[in-house]
Amino acid sequence: MMTFPELLKNRRAIRDFQDKEVPANVVEEILQESTLAPSASNNQPCRFSIVNCKNTLKALSDESKANLLDDFAKNKTSLNPSYAEVLKDKNFNVYYNAPCVIYIIGSKSVGSLDVDCALAASYIMLSAVNRGLGTCWVHLGSYIRDPQLKALLGIPDGCRIVAPIIIGYPKEIPAASERHAPQILRVIS
Ligand SMILES: Cc1cc2nc3c(=O)[nH]c(=O)nc-3n(C[C@H](O)[C@H](O)[C@H](O)COP(=O)(O)O)c2cc1C
């Protein structure tokens, strides 16, 4: 059993996975734990779709890449333009060939949706580490617009993907990238 500080230290962005499936019951346990995350007014707006199929994930990756490249071409994104070069690489899979992706989805009408889903994502990422799994939030994989693919993911009308979380057994856990010290603006006593 990991201590909480160990859990925090081992929660790294994982982009290289063992060729091993994530059992469905483990994903369910993780999602169950994620329901303990706080949400505004305890509204609990997060919905989840889970994809374990590599072919489907490849199609979703291609769709997201194409839409993002289109946004870059039309100057419709504030993302760093350097991403465009990576996205043009046919072999680049935005989900890093992970065996499983959990899409966190919610209604566009919820004002606090991004914050609520981000908190659920944190719980998912920490719960996964506690089970020997690795994760990474992959924003580049959230640009799914094709109606058929949206329907396949079960995304209801008026809802959107907030956070695709890739999940699998890590090949290794990298050291944490450098962090600066907390920038405390004031302590008023
Ligand atoms: C909102 C958000 C979006 C992210 N999107 C991507 C992404 O599209 N692709 C990727 O490889 N990593 C993505 N990451 C992972 C970050 O790059 C990573 O968390 C950061 O470099 C810190 O590394 P660490 O998670 O190991 O501490 C994202 C993280 C967050 C929180």
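In this predicted model, N93 touches K58 and S61 once its neighbours within four places in sequence are set aside. The residue itself sits in the loop between α4 (82-88) and β2 (100-107). With a relative accessible area of 10%, under the 20% cut-off, N93 counts as buried.

One of those two partners, S61, turns up again in α3, where it is among the buried residues. Helix α3 covers residues 54-73, and its length checks out nicely: 20 residues at 1.5 Å a residue should span 28 Å, and the end C-alpha atoms are indeed 28 Å apart. The buried set in α3 runs through T56, L57, L60, S61, E63, S64, K65, N67, L68, D71 and F72. Some of the spacing in that list is easy to read, because an α-helix has 3.6 residues a turn and residues three or four places apart point the same way. The cover over these buried positions includes β1, α4, β2 and α6 (147-152). After α3 comes N75, with a positive phi near 55°.

Positive phi values crop up elsewhere too. Most residues other than glycine have a negative phi, so such cases are worth listing. Q44 has phi near 50° and is found in the loop between α2 (24-34) and β1 (47-51). Its relative accessible area is 42%, so Q44 is partly exposed. N97 has phi near 55° and lies in the loop between α4 and β2, the loop that also holds N93. Whereas N93 is buried, N97 is partly exposed, at 48% relative accessible area.

Turning to the ligand, the residues around it are R11, R12, A13, R15, Y96, C136, W137, V138, H139, L140, S177 and R179. Sorted by class, this shell has six nonpolar, two polar and four charged residues. Oxygen atoms of the ligand pair up with polar protein atoms in several places. A polar side-chain atom of Y96 comes to 2.6 Å from a ligand oxygen, and for R15 a polar side-chain atom sits 2.8 Å from an oxygen of the ligand. At L140 the backbone does the job instead: one of its polar backbone atoms is 2.9 Å from a ligand oxygen. As for overall cover, the ligand taken alone exposes 610 Å², and the protein buries 64% of that area.

How values were computed
Residues are numbered from 1 along each chain as its sequence is written. This is a predicted model: local features need pLDDT of at least 70, side-chain atom pairs count only at pLDDT 80 or more; totals for chains, interfaces and linings use all residues. Side-chain values use heavy atoms; hydrogens and water are left out. A residue is near a molecule or strand if one of its heavy atoms lies within 4 Å of it. A polar contact is a pair of N or O atoms within 3.5 Å; within protein, one must be able to donate a hydrogen and the other to accept it, and residues adjacent in sequence count only if both atoms are side-chain atoms. Accessible areas come from the Shrake-Rupley method with a 1.4 Å probe; for residues, only the protein chains shown count as cover. Ala, Val, Leu, Ile, Met, Phe, Trp, Tyr, Cys and Pro count as nonpolar, Asp, Glu, Lys and Arg as charged, and the others, Gly among them, as polar. Helices (H or I, at least four residues) and strands (E, at least two) are DSSP runs, numbered from the N terminus. Buried means under 20% relative accessible area, exposed over 50%, partly exposed in between (1.4 Å probe, protein chains only). Contact means heavy atoms within 4.5 Å. The expected span of a helix is 1.5 Å times one less than its number of residues.
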